[in-house]
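Student: I have a model open on my screen and I would like a close look at one part of it. Could you walk me through the strands around one sheet, and then show me how that part sits in the whole protein?

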Amino acid sequence: MQKHDPIPAFIEITPGASMSPEVHGWQAKCLQRLVRLGLPVPKSVSLPAFTVRAIAAGHGVDAEGILDHFGDGPLVSVRCSPASPDWGGPHAILNIGLNDARHARLRETHGETAADALYVRFVQSYAIHVARLDPDVFEDVKPGPGALREVLRLYEIETDDPFPQAPARQLSEVLRSMARAWEGTSARLLRAAKGAPADAALGLVVQDMAQGFGQGLSGSGVMQFVDSVTGKRRITGRYLGQSQGRAALAAREALFLTKDPRGPSLEDVAPEIFADLVRHGAVCRERLREEMQIEFTVEDGRLSVLDAVKVARSARAGLRIAVALAEDGVIPKEEAVLRVEPRALSELLHHQVDPRGPRDVIARGIAASPGAATGKLVFTSDAAQASAARSEACILVRRETAPEDIRGMHSAAAVLTERGGMTSHAAVIARGFGLPCVVGASDMRLDAREKKLTAPDGRVFREGDIVTIDGTKGEALAGVAEMLPPALDESFRLLLSWADQVRDIGVRANADTPADAETARKFEAEGIGLCRTEHMFFEEDRLVVMREMIFADTPGDRASALARLLPMQRADFVQLFEIMEGKPVCIRLFDPPLHEFLPSDREGLRDLAEALDRPLSEVTRRAEALSEVNPMLGMRGVRLGIVLPEIYDMQAQAIFEATLESARRGAPVVPEVMIPLVSARREVELVKTRIDAVAAMVRTRAKADFDYKLGVMVETPRAALRAGEIAQHAAFLSFGTNDLTQMTYGLSRDDAGRFMNTYVQQGVFPEDPFHILDVDGVGELLLMGAERGRATRKDLTLSICGEHGGNPESIAFCRKAGFDYVSCSPYRVPMARLAAAHLALKDLVLNKN
């Protein structure tokens, strides 16, 4: 068995030292990289994780041995070095080793003011972070003469001991304090919230102090070479004379770095040091393959680089940085693709609240649809439409939305609901429209009758008041918030083009209207995977005709009303086909129960009676007869198509006539007609017979031929189980995972939000199954349906078209199951394209290994 040399209790950070982030932490490893690059890094010593654990457990540390690395009478700092920078850690302690004797020497070399300031700062830092004194102890200490004597006196009073003078004791106590702080309960909880494992270890770095105080040019600062919010190339940061650490970032008197008309800059007063920093930044970018922020100190004109960390960045900055690094040849294109998280793209597609601006939060809920918008509060769909007619942006607030709110949602700039979850009606429709949306904001009180909402702090907001909805963070803000525009620039398009070169599963969009189709094309969807035709009927002029059809007494009257809808539907489909330019379009036939097209209040029923010229009592009676105890499981989908076949006949005719018209206009298409809510083979047979007959009729009348595909939307568990026999009459199966999840679990997605958080917290469900695909239960039905369907028909096309379609986890499942494509809302198409590329690239890496 091969033997390895034991890891020493501490090690000097040199180019050849044996170090790893897992053992010594990211900070230590980063410093070693900087040393290897030839940057002027002060001498540093690393304590590995096992040494720090031993210190926390009460074992001693050879502080004298550590200090010996730094020569005679050194001043050192101690910084934390966990395996990941995201995990945080104890506060850094500077100027360890400073005592009365060292203070006297500093007064000679740096002057009394600088020496006193350093000593005061060290005593206070040591007292608060090591001796654990209350910061208020030093609250009344005023800077200037006498401050040092006062802090030393207060320290002795509070601890019953004079301030320790032995540098080795100071260092030992600092190391012990930081090691124990890492193991504390609060620190563990904070790390866990950031994704750290329970056994996450800490390394520590002891570094020679580069003083930012001196007679000559001295100070400290930070510099980075890209904007953290936009990602554009720009030198940013600050420099503060006679300072240490990151004091420059908070000080008003700090210098700018580059020449600036607002005041003096480091480039003005020390051009050589400025040039060195720019050169060091370029070296870090090229050799570390990343945009870095450099922390530096200048002492009497000598530059020291204390640290270089990855620049903090927004999602838009992260994408721009990755693309720029790839275009400059620093990293491969494939790595640039992998560096951008798919979910981060949602922030780039919409306006966002500027993270640099103030936030006055009045309500919090679930971030159901990303983006941000500002507008006047309205509490009804009619008010939203009226506001849009006046060209006034509005925020629609509802307890929860229903199908009759679609026109109001379409008119609003954003939506806020008191109830609901990630797959509630408001959330699904908002994502399809690209509207910012916050649902389940249960901490606010909504009074729809009085048209007001009350925030948790008691503030009342009424109709017409200005609010901002941040759908990315799930918050409602008072007033107008500062915004960032969408970032659909060349970097965005370039990254996704690289993603498309490697992904191996198709991505289509759910698009119900021509506007949705335009959005799908803008985001380069490969077709429409789900067009829900019922959304086309909620327009005002069509709704009237739709209601006439519902109240028709005979099949002939019903067909007459539908004949008026036929040209409207045909025009919709022609427009869809033209926009998609020959790409596949999958059209789902009419699905919802008819009562959704009827008004729900007495005033609406009275208006309907007047429009239909029928007695109110008759209209009310017919509306009540159409209502169902459980409409989700009632007469909807294919059941409507069988009981009222004229509806599907009209839709099929509109699709086929639009197909011929589109071909005449030079955009030939093979439409895909999808039957919803199937649970039995015979349902498909009955609908297919009528649709084939309509197709023959259209061909005969037009004296022209066309092709089409007929398929099934698998939304019921039985359809998945019987997919083998259903596939006999279907060219494709598209799994509608929204309804399939509802029926598999016996849960209403609109009501599950009331208890879902409790279920997830208590481990009943690992995740909300309406948000993340349940691969064990619903996933097994998908696998069975896919396997049985393809056993019958090898060329069967398989896809999913529910809300899960855009989730990276669902895409991974579909790839593994051999599905042909996923379909999601248009604004999730970029995320799906990138997620599919990530999965393909990771598979390539695994296969190479």
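Tutor: Happy to; here is a walk through one open sheet, followed by a look at the rest of the chain. Please keep in mind that this is a predicted model.

Let's start with the sheet itself. Five strands make up an open sheet, and their order across it is β1-β2-β5-β3-β4, with antiparallel pairing. The edges are taken by β1 (11-12) and β4 (93-96); each has a single partner strand, so one side of each is left without a neighbour in the sheet. As a general point, strands of a sheet pair through backbone hydrogen bonds, either parallel or antiparallel.

Now zoom in on β2 and β5. Strand β2 covers residues 44-47 and strand β5 covers residues 202-208, and four bridges join them in the antiparallel sense. If you want a landmark, find Leu47, which stands opposite Leu204 in β5. Helix α3 (residues 49-56) lies across both β2 and β5, and runs at about 100° to β5.

Just ahead of β2 there is a residue worth selecting. Pro42 belongs to the loop between α2 (26-36) and β2. With a relative accessibility of 11%, Pro42 counts as buried, because the cut-off for buried is under 20%. What does Pro42 touch, leaving aside its neighbours within four places in sequence? Its contacts are Gln207, Asp208, Ala210, Ser304, Val305 and Leu306. Gln207 and Asp208 fall in the residue range of β5 (202-208), so the loop residue Pro42 is in contact with that strand.

For a sense of scale, pick Asp707 as well. Pro42 and Asp707 are 665 residues apart along the chain, and their C-alpha atoms are separated by 74 Å. The C-alpha trace of the protein spans about 105 × 65 × 50 Å along its principal axes.

Over toward the later residues, you can compare the antiparallel sheet with some parallel pairing. Strand β28 (residues 732-735) and strand β29 (residues 797-800) pair in the parallel sense over four bridges, with Phe732 opposite Thr797 in β29. β29 also pairs in the parallel sense with strand β30 (residues 821-824), this time over two bridges; there, Tyr821 is the bridge partner of Ser799. Helix α31 (residues 808-817) joins β29 and β30 in a right-handed β-α-β unit.

One residue of β28 leads into the interior. Leu733 and Phe656 are the residues with the most contacts inside the largest nonpolar core, which has 127 residues. Helix α20 (residues 555-580) gives the most to this core, with 10 residues. A second, separate core has 52 residues, among them Val120, Val151, Leu171 and Met178. Beyond four places in sequence, the contacts of Leu733 include Val712, Ala723, Ile726, Leu796 and Leu798.

Finally, a polar residue for contrast. Gln352 is found in strand β10 (residues 352-353) and is buried, with a relative accessible area of 6%. Its side chain makes a polar contact of 2.7 Å with the side chain of Thr472.

Stepping back, the protein has 32 helices and 30 strands, and 55% of its 849 residues count as buried.

Terms used. Residues numbered from 1 in each chain as written. Predicted model: local features only at pLDDT ≥ 70, side-chain atom pairs only at ≥ 80, totals over all residues. Heavy atoms only, no water. Core = buried A, V, L, I, M, F, W, Y, C linked by side-chain atoms within 4.5 Å. Buried < 20%, exposed > 50% of the residue type's maximum accessible area, 1.4 Å probe, protein only. Contact = heavy atoms within 4.5 Å. Pairing = 2+ DSSP bridges. Axes fitted to C-alpha atoms, helices over the stretch in contact; angles between N-to-C directions. Polar contact = N/O pair within 3.5 Å; in protein donor to acceptor, adjacent residues only side chain to side chain. Right-handed = clockwise from strand over helix to strand, strands pointing away.
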